[in-house]
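Visitor: Please take one part of this model and look at it closely. Then follow its surroundings outward, as far as they lead.

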Amino acid sequence: MGRWQDGRGTLRVAGEGTADPAGVPVEIAASYRARTRGLLGRDGIGGALLLTPANSVHTFRMRFAIDIAYLDRRLNVLAVRTMRPGRLGLPRPRARHVLEAEAGAMARWGLRPGVRVTLEA
């Protein structure tokens, strides 16, 4: 994907035993303002939020626990973590994007290190 812009898309997880073939709805936060706002002030999310560029996140002032997936430039999953509210995630080397979703969602989608995702904007 060339230059990233704020918007919506569909995330697909490659591999066996992964997400629904219809995909996961995703919001893209590429602008500074959209990345700064992230999931703050929300009570939940119906899909995922992709922060780009980003290599770390925090959960200060958040209302719910979230799953975090660190992605490289080719959208390969480097690591998946669950973070409770009020936590600071350390920067992840080689990460170019961060995918956020409600806690437990990424396990249901089959998102784990080594898996590649695709994004249709």
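Guide: Glycine 23 is buried, because its relative accessible area of 16% falls under the 20% cut-off. The model is a predicted one, and every value given here is computed from it. Glycine 23 sits in the loop between S1 and S2. Leaving out residues up to four places away in sequence, glycine 23 touches Thr10, Leu11 and Arg12. A separation of 23 Å lies between the C-alpha atoms of glycine 23 and alanine 95, which are 72 residues apart along the chain.

The strands on either side of that loop are partners. S1 and S2 pair in the antiparallel sense over five bridges. Within this pairing, glycine 7 has isoleucine 28 in S2 as its bridge partner. S1 also pairs with S7, again in the antiparallel sense, over four bridges. Here leucine 11, one of the residues touched by glycine 23, stands opposite leucine 119 in S7.

Leu119 leads to the nonpolar interior. The largest nonpolar core has 22 residues, and Leu119 is among those with the most contacts inside it, together with Leu71, Leu99, Trp109, Leu111 and Val117. Two or more residues of this core come from each of S1 (7-13), S2 (24-29), S3 (48-51), S4 (66-71), S6 (97-102), helix H2 (105-109) and S7 (117-120). A second core, separate from this one, has 17 residues, including Leu39, Ala54, Tyr70 and Met83. Nonpolar side chains tend to be buried together in soluble globular proteins.

Valine 117 shows how parts of the chain meet here. Apart from its neighbours within four places in sequence, valine 117 is in contact with Leu11, Arg12, Val13, Leu71, Leu75, Val77 and Leu111. Leu11 and Arg12 are also touched by glycine 23. Of the other partners of valine 117, leucine 75 deserves a closer look: it lies in the loop between S4 and strand S5 (77-83). Leucine 75 has a positive phi of about 65° and is not a glycine. With a relative accessible area of 13%, leucine 75 is buried.

Arginine 61 gives a contrast in exposure. The phi of arginine 61, also not a glycine, is positive at about 65°. Arginine 61 counts as exposed because its relative accessibility is 70%, and the cut-off for exposed is over 50%. Its place is in the loop between S3 and S4. Proline 53 lies in the loop between S3 and S4 as well, and a cis peptide bond with omega of about -10° joins threonine 52 to proline 53. For most residues other than glycine phi is negative, and most peptide bonds are trans.

Strand S4 holds a charged residue, aspartate 67. At 4% relative accessibility, aspartate 67 is buried. Beyond four places in sequence, aspartate 67 touches Arg81, Thr82, Leu99, Glu100, Ala101, Glu102, Ala103, Gly104, Ala105, Met106 and Ala107. Leu99 in this list is one of the core residues with the most contacts. The C-alpha atoms of aspartate 67 and alanine 107 are separated by 9.0 Å, at 40 residues apart along the chain.

The pockets remain. The largest has a volume of about 300 Å³. Of the 15 residues that line it, Arg35, Thr36, Leu51, Val57 and His58 lie nearest its centre. Helix H1 (residues 32-37) gives the most to this lining, with four residues. By class, the lining of the largest pocket divides into eight nonpolar, four polar and three charged residues.

The second largest pocket has a volume of about 150 Å³. Its lining is made of Asp6, Glu27, Ile28, Ala29, Arg33, Ala34, Arg37, Gly38, Arg42 and Leu49. S2 and H1 are the elements that give two or more residues to this lining. In the second largest pocket the lining has four nonpolar, one polar and five charged residues. Ile28 in this lining is the bridge partner of glycine 7, which leads back to the pairing of S1 and S2 and to the loop between them, where glycine 23 lies.

Technical notes: Residues are numbered from 1 along each chain as its sequence is written. This is a predicted model: local features need pLDDT of at least 70, side-chain atom pairs count only at pLDDT 80 or more; totals for chains, interfaces and linings use all residues. Side-chain values use heavy atoms; hydrogens and water are left out. A nonpolar core is a set of buried Ala, Val, Leu, Ile, Met, Phe, Trp, Tyr and Cys residues joined through side-chain atoms within 4.5 Å. Buried means under 20% relative accessible area, exposed over 50%, partly exposed in between (1.4 Å probe, protein chains only). Contact means heavy atoms within 4.5 Å. Two strands pair if DSSP finds at least two bridges between them. On a 1 Å grid over the protein atoms alone, a cavity is a set of points where a 1.4 Å probe fits but cannot get out, and a pocket is an open set with protein on both sides within 12 Å along at least five of seven lines; lining residues have an atom within 4 Å of a point. Grid points are joined across faces, edges and corners, and a volume is the space filled by probe spheres set on the points. Ala, Val, Leu, Ile, Met, Phe, Trp, Tyr, Cys and Pro count as nonpolar, Asp, Glu, Lys and Arg as charged, and the others, Gly among them, as polar.
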